[in-house]
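User: Hi! I'd like to walk through a protein model with you, one question at a time. Could you help me read it?

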Amino acid sequence: MNRFLTFLGMCLCVVAFSVQQVHAAETASQGVVPGALNPTDLPWSSDGEANVPYTFHDPAEEARITGFEYDLVAALGERMGLKSRFIQNDWDGLIPGLSRGLYAMVVDGIEMTPEHKAAVLFSHPYYITSNRIVVRKSMAHPPLTVGELQGRTVGTIKETSAERILRLDGHIAIRSYVEETNAFADLRNGRLDAILLDEPIALYYGTISDDMEIVGQPVGHTSYGIAFRKGEDQLCGRVDAALDAMTRDGTLHKILARWNLWTPAMAEFTGDHTQPDIAPTEWQRYRDAMEATTGHGWYVLVKRYVNFLPLIGRAALMTLAVSALAMVLAVVLGVSLALARHYGGWVLRTLAGLYVEIIRGTPLLIQVLFIFYGLPIIGIRLSPFVAGVLSLGLNYAAYEAENYRAGLLSVPKGQSEAAVALNMTHFQALRLVVVPQAFRTVVPVMTNDFISLLKDSSLVSVITLSELSQAYVRLSATYYDYFGTGLMVGAAYLLLGLPFVRLARIAERRMGRSMGSGSGRPH
């Protein structure tokens with residue numbers, strides 16, 4: 001048996017490796033754009049959850065994706081004869097997804113630092129910018145230079161040029177954030193004295209509200225580039241050619257001017273010192289949308305929360321679908337594992353025990369990332385939905401297996417012996433006598449597990465699934481409203497879980513009556 005399992009494992013490894021090599025060879029020979037669905041497809045990725053003004057959801061129309069990088073890639077695709085297709089991914093998953101070939105390129109304000117250049121292939125720079133200091137307007141003596149930030153608590157975005165500038169000083173208390181909206185929230189709440197970050201972010205977050213302002217002169221210098229997987233020189237060359245053409249004919253200038261982002265630094269970099277009459281229409285559109293949806297009046301709040309309902313509803317349906325399918329998988333696999341551990345031979349008991357211990361001994365988040373980003377290396381590419389269901393189902397199956405095993409152990413051995421004495425086979429005794437009693441014991445535990453799974457489904461947001469927690473991040477970050485949005489999302493989770501708790505109680509009562517009547521029936 002051991003030899004057979006060893007041989008089977010070796011065969012699977014060889015097949016997986018062969019599939020990977022064949023796929024890589026086909027991709028290279030055909031020059032196919034990584035992640036493309038057809039010859040005209042140009043898939044690209046960014047974190048559009050709270051990414052103003054790069055790529056974000058239009059506050060005036062939540063379903064619409066916009067941003068100056070979104071417009072830039074659309075123009076690039078048109079120039080290259082391809083149709084751009086946006087793929088949402090969390091910031092931390094952008095480069096892993098790129099290296100796995102899930103999309104062709106990443107456009108997300110990625111600074112062309114030596115560390116980033118070592119990890120990916122960059123296009124020519126498409127935007128040159130600097131860092132700016134943002135403070136509260138109520139500050140009596142605001143710091144105007146990096147030197148004046150000494151002794152203060154300053155927020156910034158992690159792994160950026162602004163963070164390196166602050167660390168070089170050595171006398172500044174630094175707080176590094178992943179989401180810029182969290183930094184602005186802390187500045188507003190007084191947890192920070194100032195923020196130092198990229199000028200586009202400072203412009204769109206720091207000047208929209210009445211209580212913050214940009215102070216001092218630009219600090220430092222940084223360049224944004226489009227990231228490609230190492231080895232994609234051909235595609236990178238095509239993008240560079242299109243980008244250079246857009247710079248020469250003024251297309252890049254027009255896009256940036258519409259977003260109020262054309263600066264003297266860009267004029268110096270591109271050599272384009274023209275001043276065309278281009279109105280900052282997208283900048284004004286964003287300001288108007290934020291003015292109409294932010295504030296604390298009752299009318300504004302009610303209008304804002306009503307607009308949230310469709311997005312939260314769709315996210316709730318996604319959460320319910322992922323959780324329900326994962327629970328079905330967990331129950332089926334859990335029962336199989338429990339029976340294998342309780343009634344199987346030593347091989348099945350060992351394999352089932354190893355599975356349970358390995359799954360319970362590793363974090364669910366690691367399992368989600370491994371299934372989505374790790375399996376493609378052996379040729380297994382799953383959609384975010386399938387990967388989410390599979391990771392949650394496989395994880396909870398380990399816990400369900402132990403619950404069911406405890407339920408089987410709780411049934412007195414005399415029950416199955418009595419059933420066999422009544423001419424039942426061992427399988428009939430198990431199916432008709434032991435399992436129903438064990439199932440009745442574990443129903444309350446299963447209910448609790450489903451509620452836990454419903455909440456743990458928030459972890460699949462890291463693989464681009466738009467479920468409830470991701471909707472909360474997007475809405476709260478866009479509107480600076482963590483309180484009202486949090487209450488709405490919390491209520492959605494509660495409404496999803498309550499019906500199942502009710503159904504479980506009904507099932508417990510009915511099964512209790514059934515078992516009770518059965519036990520009292522005269523023989």
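User: Let's start with Trp-298: does it count as buried or exposed?

Analyst: Happy to help, and keep in mind that this is a predicted model. Trp-298 is found in helix 12, which covers residues 298-343. The cut-off for exposed is over 50% relative accessible area. Trp-298 has 72% relative accessibility, so it counts as exposed.

User: Which residues form a nonpolar patch on the surface, and what is their accessible area together?

Analyst: Trp-298 of helix 12 is one of them. Its partners in the patch are Val-302, Val-306 and Leu-309. Together, the four have an accessible area of about 470 Å².

User: Now to the sheets. What is the strand order of the open sheet with strand 4 and strand 6 at its edges?

Analyst: Strand 4 and strand 6 (121-122) each pair on one side only. The sheet is open, has five strands and shows mixed pairing. Its order is 4-1-5-12-6.

User: Why is strand 1 described as largely enclosed by the rest of the structure?

Analyst: Both faces of this strand are covered. On one side Asp-41, Pro-43 and Ser-45 are buried, and on the other side Leu-42, Trp-44 and Ser-46 are buried too. Strand 1 (residues 41-46) is therefore largely enclosed, with a buried count of six of six.

User: Which residues are the bridge partners of Trp-44 in strand 4 and in strand 5?

Analyst: Strand 1 pairs with strand 4 (residues 83-88) in the parallel sense over six bridges. With strand 5 (residues 105-106), strand 1 also pairs in the parallel sense, over two bridges. In strand 4 the partner of Trp-44 is Phe-86, and in strand 5 the partner is Met-105.

User: Going on from there, which residue of strand 12 stands opposite Met-105?

Analyst: Strand 5 pairs with strand 12 (residues 227-228) over two bridges. The sense of that pairing is antiparallel. Opposite Met-105 stands Phe-228.

User: Which strands stand at the edges of the sheet with the order 9-8-10-7-11?

Analyst: This open sheet has five strands with mixed pairing. Two of them have a single partner strand each, so one side of each is left without a neighbour in the sheet. Neighbouring strands here are turned by 20 degrees against each other on average, direction ignored. The edge strands are strand 9 (173-177) and strand 11 (212-224).

User: Which residues of strand 10 are the partners of Ile-133, Val-134 and Val-154?

Analyst: Strand 10 (residues 194-198) is mostly covered, with five of its five residues buried. Strand 7 (residues 127-136) pairs with strand 10 in the antiparallel sense over four bridges, while strand 8 (residues 153-157) pairs with strand 10 in the parallel sense over two bridges. Ile-133 is bridged to Leu-196, Val-134 stands opposite Ile-195, and the partner of Val-154 is Ala-194.

User: How far apart are the end C-alpha atoms of residues 315-340?

Analyst: UniProt, in an unreviewed entry, lists residues 315-340 as a "transmembrane region", along with 361-382 and 482-504. In the model, residues 315-340 are 100% helix and 0% strand. Their end C-alpha atoms are apart by 37 Å.

User: Finally, how much helix is there over residues 316-504?

Analyst: The unreviewed UniProt entry places the feature "domain: ABC transmembrane type-1" at these residues. The end C-alpha atoms of this stretch are 21 Å apart, and its strand content is 0%. The helix content is 83%.

Conventions
Residues are numbered from 1 along each chain as its sequence is written. This is a predicted model: local features need pLDDT of at least 70, side-chain atom pairs count only at pLDDT 80 or more; totals for chains, interfaces and linings use all residues. Side-chain values use heavy atoms; hydrogens and water are left out. Buried means under 20% relative accessible area, exposed over 50%, partly exposed in between (1.4 Å probe, protein chains only). Two strands pair if DSSP finds at least two bridges between them. Patches are made of residues with over 30% relative accessible area and no salt bridge: like charges are joined within 9 Å, nonpolar side chains (Val, Leu, Ile, Met, Phe, Trp, Tyr) within 5 Å. Accessible areas come from the Shrake-Rupley method with a 1.4 Å probe; for residues, only the protein chains shown count as cover. A salt bridge is a side-chain nitrogen of Lys or Arg within 4 Å of a carboxyl oxygen of Asp or Glu. UniProt positions are given in the numbering used here, feature names are shortened, and annotations may be inferred rather than shown by experiment. Axes are lines fitted to C-alpha atoms, for helices over the stretch in contact, and angles run from 0 to 180 degrees between N-to-C directions.
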